[in-house]
Each structure stands twice: as structure tokens, then as C-alpha cells.
Amino acid sequence: VAVRVDQGMVWLHPSRTPLEALAALEEGSLLPPPRVPEMDAEGYRATTVVRDFPIDWTVLMENIMDPDHGYFAHSSSGTGRSFDLYSADGVNNTVEVEEDFSTAGGWKIVNSVNAVQKLIEYNRNARSGTEDAPRDEAKKEPSRLATTTFVAPSLIYMGRRDNSTAPSPFLTGFWVCPTGTGRSRFMSAAIGKVPFSVPRWLVHMNINNFLDQDTFLLCGQHRAVLEREARGYLEGEDARGGGRGSNDVRKSTYVYRSPSERMPARIGRFFDATLARAPNRKEGVLARYGGEGGAP
């Protein structure tokens, strides 16, 4: 089996031998693993976290790329301000989404928006009755860009930058791997240009409470989504005689209304079009969620 270590992670290619993988890389028919550019830059350090989730990997990835969930899932942890930097207000701070289909790195999406307070600032001003007061623009520093990058099939990294191509002094990387139907392994790294690595125990102490809140939010959602996916497969078999076409789970159940949701909506279309063709996906979802009442 072909094995490769990139940026501290072990990647396997189960359908190729090492020599076949090397030959495919040289001829360009096999892409290298996706990378976080800053992790290769001088002076950057990373502290990693690994945790298993009773959540399907698709739902977990959509949650990571949706800044609006922070207002509901993490308000008690005081991190709403950070999520607000990545949200959009649909007026002065709108989302820009760029896609890259270059063969060198696979499919990549970059979502960017001005890294300023939007909803939290408006709410604070509305409560104090100053939402219509003129702003002193001269005192404001030029806003940076809050960027979220998705590299198919399972890498996400987020950070604030001076522009869309500038490096970020601190960012967070996420690698989400399916470990079974309705289960996933969450791997994350705090990446920064810092003189020393943040102690791993300190990172774990902060992030585990944070991830508990995500688990509470997503347990109900992921079951509903997978039950709808199973129903879609059964309906598709009736209509197409067992074919493996698309399964419009998110198109038929999600309602994208927030101005922050351009990227999640695009990822939703990607999952609808491709999940039915993933190895063992259909069989696993039907086995666990296709019966009466869904999974136990």
C-alpha cells in the first residue's frame, strides 16, 4: 500500500503500490495530499488535536464552514465575536467565493469577507439606541479579510489575512475523515507564526468544551440528514432502477437564507452530486438509516 507523510500526517492510497503511486505522481495522474501553505513556511508552528465524533463527516464539515452556527452553539463560551468576523451582513460586507479547478491541487474554494464585527456590533448599537449614529471612519483600521478555504475532499483552513493571497499569522486547520456511517475523526491544528508551540494540554482544555457544544448541536441534525439521504436512495432506486445518480438531500431539506451561506450552499451541491458515488456510502446509510424509524 502506498504511504506518504505530509505536514505530519500519514496518507494512504489503498489501491496503489508504492511504485505505482510514485509513477502516477510523476505523470500527474495522482495528486499529492492537500496542504496548508503556512505549515511549510519558516517560523510557523502547529499544535494538533484529534477527537472522534458520533457525527457524519459531511455534516461536521458543513458546520465548520458555516460561521452562523457560532451564535447558537458557542454563545456561552464567549467566542461569538470570532465567528462574527467570518459572517456576512449582505450589505456592506458581502461574501466573495472563488473556485479553483487546477489539476495541480484539486478542487479548492476560497470564501472571503471583511474581518469586521457585523451582527454583534449592530446588536450592541441597537440595544444602546446608537445604531443610526455616524461612525468615525478615520479611527478605523483597514479591515483584513477573513478567509475560509476548502480543499476537496476533507481539508478546511481558516485565518485572517491582509489580502486573499497574503499569509495568515494565525489560522486553524481541519481534516475530517469518515470512520463509519454517521461517525468521523476530527483532526485539527492551531497554526501560528509564534516563537514556541502552544502546550497541547492547553489547546485540549479549551477546544474540548467547544467541541462538546458542536456535538450537542449536530447530533439531531446529522440523524435527520442521513435519514433523508437513505430515503433519497430508496426513491432513486424506484425511479432509476438502482442507479447511482445524485441524491438531492440538501437541495430538498436545507434552506439557505443567510448572506454568509454562499460557501455552505456550494458544498451542499457538491455533496448532493457526489456522495452516492462514494464507496460503500449508499450501502452504509441504507443499512443504518433506511429502516423504519432510522438508526437506534
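Visitor: Before we look around, what counts as a salt bridge here?

Guide: It takes a side-chain nitrogen of Lys or Arg and a carboxyl oxygen of Asp or Glu. Keep in mind that this is a predicted model. The two atoms have to lie within 4 Å.

Visitor: Which residue does arginine 51 form a salt bridge with?

Guide: Start from strand S3 (residues 44-53), where arginine 51 sits, and go 161 residues away in the chain to helix H6. The closest N and O atoms of the pair are 2.6 Å apart, and the partner is aspartate 212.

Visitor: Is arginine 51 buried or exposed?

Guide: Buried means under 20% relative accessible area. Its partner, aspartate 212, has 41% and so counts as partly exposed. Arginine 51 comes in at 19%, so the call is buried.

Visitor: How many residues apart in sequence are the parts tied together by aspartate 52 and arginine 185?

Guide: These two form a salt bridge, with the closest N and O atoms 2.7 Å apart. Aspartate 52 is partly exposed at 44%, and arginine 185 is partly exposed too, at 36%. One end lies in strand S3 and the other in strand S9 (residues 183-193), so the parts tied together are 133 residues apart.

Visitor: Where does arginine 281 lie, the salt-bridge partner of aspartate 56?

Guide: The closest N and O atoms of this pair are 3.0 Å apart, and both residues are buried. Aspartate 56 is in the loop between S3 and helix H2 (57-64). Go 225 residues away in the chain and you find arginine 281 in helix H9 (residues 281-289).

Visitor: How many salt bridges does the structure hold?

Guide: Besides the pairs we just went through, there is a network that links Arg4, Asp6, Arg35 and Asp40. Count over the structure and you get 13.

Visitor: On to the nonpolar side of things. Which helix gives the most to the largest nonpolar core?

Guide: That core has 43 residues, and those with the most contacts inside it are Phe150, Ile156, Phe186 and Ile267. The top contributor supplies eight residues and spans 200-240, which is helix H6.

Visitor: Which residues is isoleucine 267 in contact with, leaving aside its neighbours within four places in sequence?

Guide: Isoleucine 267 is among the residues with the most contacts inside the largest core. One of its partners, Phe150, is on that list as well. With the sequence neighbours set aside, the contacts are Met65, Trp107, Ile109 and Phe150.

Visitor: How many residues are in the second, separate core?

Guide: Look for Met9, Val36, Met187 and Ile191, which are included in it. The count for this second core is 11 residues.

Visitor: Is valine 10 buried or exposed?

Guide: Valine 10 lies in strand S2 and is part of a nonpolar patch on the surface, along with Val1, Val3, Val5 and Leu12. Strand S1 (2-6) and strand S2 (9-13) each supply at least two residues of that patch. The cut-off to pass is 50%, and valine 10 has 58% relative accessibility, so the answer is exposed.

Visitor: How many disulfides does a search of the whole structure find?

Guide: A disulfide needs two cysteine sulfur atoms within 2.5 Å. Cysteines are there to look at: cysteine 177 is partly exposed at 35%, and cysteine 219 is partly exposed at 37%. The number of disulfides found is zero.

Terms used. Residues are numbered from 1 along each chain as its sequence is written. This is a predicted model: local features need pLDDT of at least 70, side-chain atom pairs count only at pLDDT 80 or more; totals for chains, interfaces and linings use all residues. Side-chain values use heavy atoms; hydrogens and water are left out. Patches are made of residues with over 30% relative accessible area and no salt bridge: like charges are joined within 9 Å, nonpolar side chains (Val, Leu, Ile, Met, Phe, Trp, Tyr) within 5 Å. Accessible areas come from the Shrake-Rupley method with a 1.4 Å probe; for residues, only the protein chains shown count as cover. Helices (H or I, at least four residues) and strands (E, at least two) are DSSP runs, numbered from the N terminus. Buried means under 20% relative accessible area, exposed over 50%, partly exposed in between (1.4 Å probe, protein chains only). A nonpolar core is a set of buried Ala, Val, Leu, Ile, Met, Phe, Trp, Tyr and Cys residues joined through side-chain atoms within 4.5 Å. Contact means heavy atoms within 4.5 Å.
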